[in-house]
Amino acid sequence: MGRVLATSRSFSGGSLDLVARLAEAGHELVRGDSAHELEELRPLLADVDAWVAGTAAVTAEHLDAAPRLRIIARYGVGFEAVDVEAAAARGILVTNTPGANSSAVADHAVGLMLAALRSTASGDRRVRAGDWSAVRGRELGAQTVGIVGFGRIGRGVAARLSGFGCRVLVHDPWLSDDQVRAAGAEPATIAQLAAAASVITLHAPGGETLVNAGFLAAAADGLVLVNTARPDLVDERALAEALGSGRVAAYAADTLNGDVSGGTSPLLADELAEHVTITPHLGAQTIEAVDAMGSLAVDNVIAVLAGRPPLHPVR
C-alpha cells in the first residue's frame, strides 16, 4: 500500500471519487495544507510515497522531509513552483496534467473579456447600491483581440472568438507565421499586437514581464487587458498607473502577484474598482476540469507506485 498526500484544495471535488479509485489500487489518501507550509506538512511528508501537489511551492526542504517520496504529481499544467532539479537529484519524478483545464481556462478568459467590455462586475455593484445608471460598453465581435501565447489555451480562446467574428492577432515566439495562419489568426510581433489590439489576453507561461510601462505606452487607448495565466507577466504598478490615467480601460484577471496574499496589489485600490475585475483562481475550477486534472494526477501516481513510467513526466 502507498500513502498519497493531496494538497490541492479541489482534488476529488468534481463528479469522480478519486479517493475511492486510489483505495481500489491499494493506496491511502491523506490531505495537507494547500499553502504547503513546511511545518504543517512535515509530519505528513515523513511517510508519504506520492504527493498530488497544488500551486504552492515545493522546495528542496519539503523533499528533504519526505524520504519515501517517489512522485510529485502536479495538479494542473504549470510546474514552475516545483524544484524539479532538487526532485531529480533525489530520484523523485515530477508529472503534470497537460490539457486538463485548457477548455475551462479558455472559457474563463472569454468570459472576462465580456465582463470587462460590458462593465459587468461594476454594474452589479452599482445596482446593489441603488444606482441603475448604465455604462456604455463595447461589443466583443467589433474588437481586434491580441493573444499572447498560442498553446492549448490560446488556441481555445481563438476558436471561441471565431464565433464572435473578431479579428485575432497572435504573438508566440515558438510558432512560425504559417502555423499561426493555419489556425485562422494573424501573426504579429509583440509591438504590433500592442499597437493594434483593443483587447489583449495573456496565455504565456510566465517568467518574464511582458506588460510593462513601455508596452502600455505603446498600446492603443482604451485597451482591455485579460490575464488568466501568470501574475509576473504584468507590471502591476505600471498597469495601475495606466488604468488611473485612463490609457487602459479595464483589467480582468484570475491572478495577482502574491495570489491569496495579493491584498497589497495596487490593482486593488478602491479608485480602480470600476476598471478592475479579479477572480480568485476560478479559471480551472469547473467540474470537468477538476475531474480531468484529478484523473490524470491519479493515473500518474498509480503508474509510478506500481513501478511503471508515468504518463506525463515534465522532464
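This passage describes two sheets, the helices packed on them, two loop residues and one pocket in a predicted model.

Residues are numbered from 1 along each chain as its sequence is written, and side-chain values use heavy atoms, with hydrogens and water left out. Because the model is predicted, local features need pLDDT of at least 70 and side-chain atom pairs count only at pLDDT 80 or more, while totals for chains, interfaces and linings use all residues. Helices (H or I, at least four residues) and strands (E, at least two) are DSSP runs, numbered from the N terminus.

Strands of a sheet pair through backbone hydrogen bonds, either parallel or antiparallel. Here two strands are taken as paired if DSSP finds at least two bridges between them. One open sheet holds 5 strands in the order E2-E1-E3-E4-E5, with parallel pairing. Its edges are strand E2 (27-31) and strand E5 (93-95); each has a single partner strand, so one side of each is left without a neighbour in the sheet. On average, neighbouring strands of this sheet are turned by 20° against each other, direction ignored. Angles run from 0 to 180 degrees between N-to-C directions, and axes are lines fitted to C-alpha atoms, for helices over the stretch in contact.

Strand E4 (residues 71-74) and E5 run parallel and are joined by 3 bridges. In this pair, Ala73 has Thr95 of E5 as its bridge partner. Two helices pack on the sheet, where contact means heavy atoms within 4.5 Å. Helix H2 (residues 38-45) touches strand E1 (2-6), E2 and strand E3 (50-53), and its direction makes about 165° with that of E1. Helix H12 (residues 287-305) touches E1, E2, E3, E4 and E5, and its direction makes about 165° with that of E4.

E1 is joined to E2 by 5 bridges, and the two strands run parallel. Gly2 stands opposite His27 of E2. Burial was assigned from relative accessible area (buried under 20%, exposed over 50%, partly exposed in between; 1.4 Å probe, protein chains only). By this scale E1 is mostly covered, with 5 of its 5 residues buried. Gly2, Val4 and Ala6 point one way from the strand, and Arg3 and Leu5 point the other way.

Two histidines in loops have a positive phi, in each case in a residue other than glycine. His36, in the loop between E2 and H2, has phi near 60°. This residue counts as buried because its relative accessibility is 3%. His281, in the loop between E12 and H12, has phi near 55°. With a relative accessible area of 33%, His281 is partly exposed.

The other open sheet has 7 strands in the order E8-E7-E6-E9-E10-E11-E12, and the pairing is parallel. Strand E8 (186-187) and E12 are the edge strands, each pairing on one side only. Inside the sheet, E6 and strand E9 (residues 199-202) run parallel and are joined by 4 bridges. Ile147 stands opposite Thr201 in E9. Thr144 belongs to E6, which covers residues 144-148, and counts as buried because its relative accessibility is 15%. Leaving out residues up to four places away in sequence, Thr144 touches Arg167, Leu169, Ala196, Ala197, Ser198 and Val199.

Helices also lie across this sheet. H5 crosses E6, E9, strand E10 (223-227) and E11, and runs at about 150° to E10. Helix H7 (residues 152-161) lies across E6, strand E7 (167-171) and E9, at about 165° to E6. The buried residues of H7 are Gly154, Gly156, Val157, Ala158 and Leu161; they pack against H5, E6, E7 and E9.

Pockets were found on a 1 Å grid over the protein atoms alone: a pocket is an open set of points with protein on both sides within 12 Å along at least five of seven lines, and lining residues have an atom within 4 Å of a point. Points are joined across faces, edges and corners, and a volume is the space filled by probe spheres set on them. The second largest pocket holds about 260 Å³ of space. Its lining has 22 residues, of which Ala116, Ser119, Ala249, Ala250 and Glu274 lie nearest the centre. Helix H5 (102-117), helix H6 (120-128), strand E11 (248-253) and strand E12 (276-278) each give two or more residues to this lining. H6 gives the most, with 5 residues. The lining divides into 11 nonpolar, 6 polar and 5 charged residues. Here Ala, Val, Leu, Ile, Met, Phe, Trp, Tyr, Cys and Pro count as nonpolar, Asp, Glu, Lys and Arg as charged, and the others, Gly among them, as polar.

How values were computed: On a 1 Å grid over the protein atoms alone, a cavity is a set of points where a 1.4 Å probe fits but cannot get out, and a pocket is an open set with protein on both sides within 12 Å along at least five of seven lines; lining residues have an atom within 4 Å of a point.
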